[in-house]
Amino acid sequence: LKTDGYAIATIGRTVTYARQFWRWGVKRGKVASNPFLDLKSGSQVNRARAMFIDPKTIAKVIDAAPDAEWRLLIALSRFGGLRVPSEALALTWGDVDWANSRLCVRSTKTAHHEGGGERMVPIFPEVLKHLQAVYDAAPEKAVHVISRYREGANLNPHFRRIIRRAGLTPWPRTWHNLRASRQTELARDFPLHTVCSRIG
């Protein structure tokens with residue numbers, strides 16, 4: 001059977017969901033066994049949607065951003081490796097360790113892993129100037145670094161508009177590919193376990 005990456009990913013997700021649904025039934029005594037238990041879902045990653053976003057490209061996007069908070073959001077994702085919106089919007093000024101030039105990043109996505117609830121991320125130079133700009137403009141006693149949006153905000157439509165304003169075509173998985181690009185860069189210079197600890 002010849003199929004494309006999207007179809008393969010869709011089939012993989014379908015098997016995963018079916019396995020979870022039947023597991024729920026077994027736990028609650030609704031069914032005797034899970035017929036999907038030994039069926040492998042395969043890779044759910046669509047490689048065709050993976051893109052490396054180079055620094056020159058993201059510099060154009062940052063320049064097209066409407067304000068300091070948006071410039072920081074983009075820099076946090078591309079150069080800090082933070083998940084947007086979840087990790088970036090959860091970031092507070094108390095999480096910023098200026099003295100040691102690092103961020104304490106809290107993640108609900110990895111909290112169920114041992115020690116995975118938070119990680120320390122260096123404040124890379126590409127992030128520092130944007131972080132400083134937002135800090136300088138923040139009102140006294142501000143709590144969150146990004147004050148405009150809160151959890152649950154869908155930032156993708158606005159981000160795509162910014163990319164178009166920069167004269168570029170929005171790439172697939174807009175935020176995810178920024179994180180993945182940073183991971184690729186870090187993997188060139190640091191051991192894999194160090195990269196994974198920083199990217200989360």
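A nonpolar surface patch, as the term is used here, is a group of nonpolar side chains joined within 5 Å, made of residues that have over 30% relative accessible area and no salt bridge. In this predicted model, one such patch of about 270 Å² is made by Trp98, Leu128 and Tyr135. Tyrosine 135 belongs to helix α5, which covers residues 125-137, and with a relative accessibility of 40% this tyrosine counts as partly exposed, because the partly exposed class lies between under 20%, which is buried, and over 50%, which is exposed.

From that patch one can step back to the whole chain. The secondary structure comes to 8 helices and 3 strands, and when the sequence is read along its length these elements follow the pattern α-α-α-α-β-β-β-α-α-α-α. Of the 200 residues in the protein, 39% are buried. The surface that the protein exposes is about 11900 Å², and carbon and sulfur atoms supply 55% of that area. If one takes the contacts between residues at least 6 apart in sequence, 61% of them join residues that are at least 24 apart.

Helix α7, residues 174-189, shows what lies inside. Its buried residues are Thr174, Trp175, Asn177, Leu178, Arg179, Ser181, Arg182, Glu185 and Leu186. The cover over these buried residues of α7 includes helices α2 (55-64) and α3 (68-78), the strand β3 (118-122), and also α5, α6 and α8 (192-199).

Helix α6, one of the elements in that cover, holds asparagine 156. Leaving aside residues up to four places away in sequence, asparagine 156 touches Thr174 and Trp175, and both Thr174 and Trp175 are among the buried residues of α7. Asparagine 156 itself has a relative accessible area of 23% and is therefore partly exposed. Another relation across the chain is that between asparagine 156 and proline 85, which stand 71 residues apart in sequence while their C-alpha atoms are 9.2 Å apart in space.

Helix α6, residues 156-165, also contains arginine 164, and this residue leads back to the surface. There, Arg164 gathers with Arg49, Arg160, Arg161, Arg165 and Arg173 in a patch of positive charge. The surface thus offers two kinds of patch to look for in the structure above: the nonpolar one made by Trp98, Leu128 and Tyr135, and the positively charged one, in which Arg49 and Arg173 are among the arginines that take part.

Note on methods: Residues are numbered from 1 along each chain as its sequence is written. This is a predicted model: local features need pLDDT of at least 70, side-chain atom pairs count only at pLDDT 80 or more; totals for chains, interfaces and linings use all residues. Side-chain values use heavy atoms; hydrogens and water are left out. Patches are made of residues with over 30% relative accessible area and no salt bridge: like charges are joined within 9 Å, nonpolar side chains (Val, Leu, Ile, Met, Phe, Trp, Tyr) within 5 Å. Accessible areas come from the Shrake-Rupley method with a 1.4 Å probe; for residues, only the protein chains shown count as cover. A salt bridge is a side-chain nitrogen of Lys or Arg within 4 Å of a carboxyl oxygen of Asp or Glu. Lys and Arg count as positive and Asp and Glu as negative; His and the chain ends are not counted. The place of a charge is taken as NZ of Lys, CZ of Arg, CG of Asp or CD of Glu. Helices (H or I, at least four residues) and strands (E, at least two) are DSSP runs, numbered from the N terminus. Buried means under 20% relative accessible area, exposed over 50%, partly exposed in between (1.4 Å probe, protein chains only). Contact means heavy atoms within 4.5 Å.
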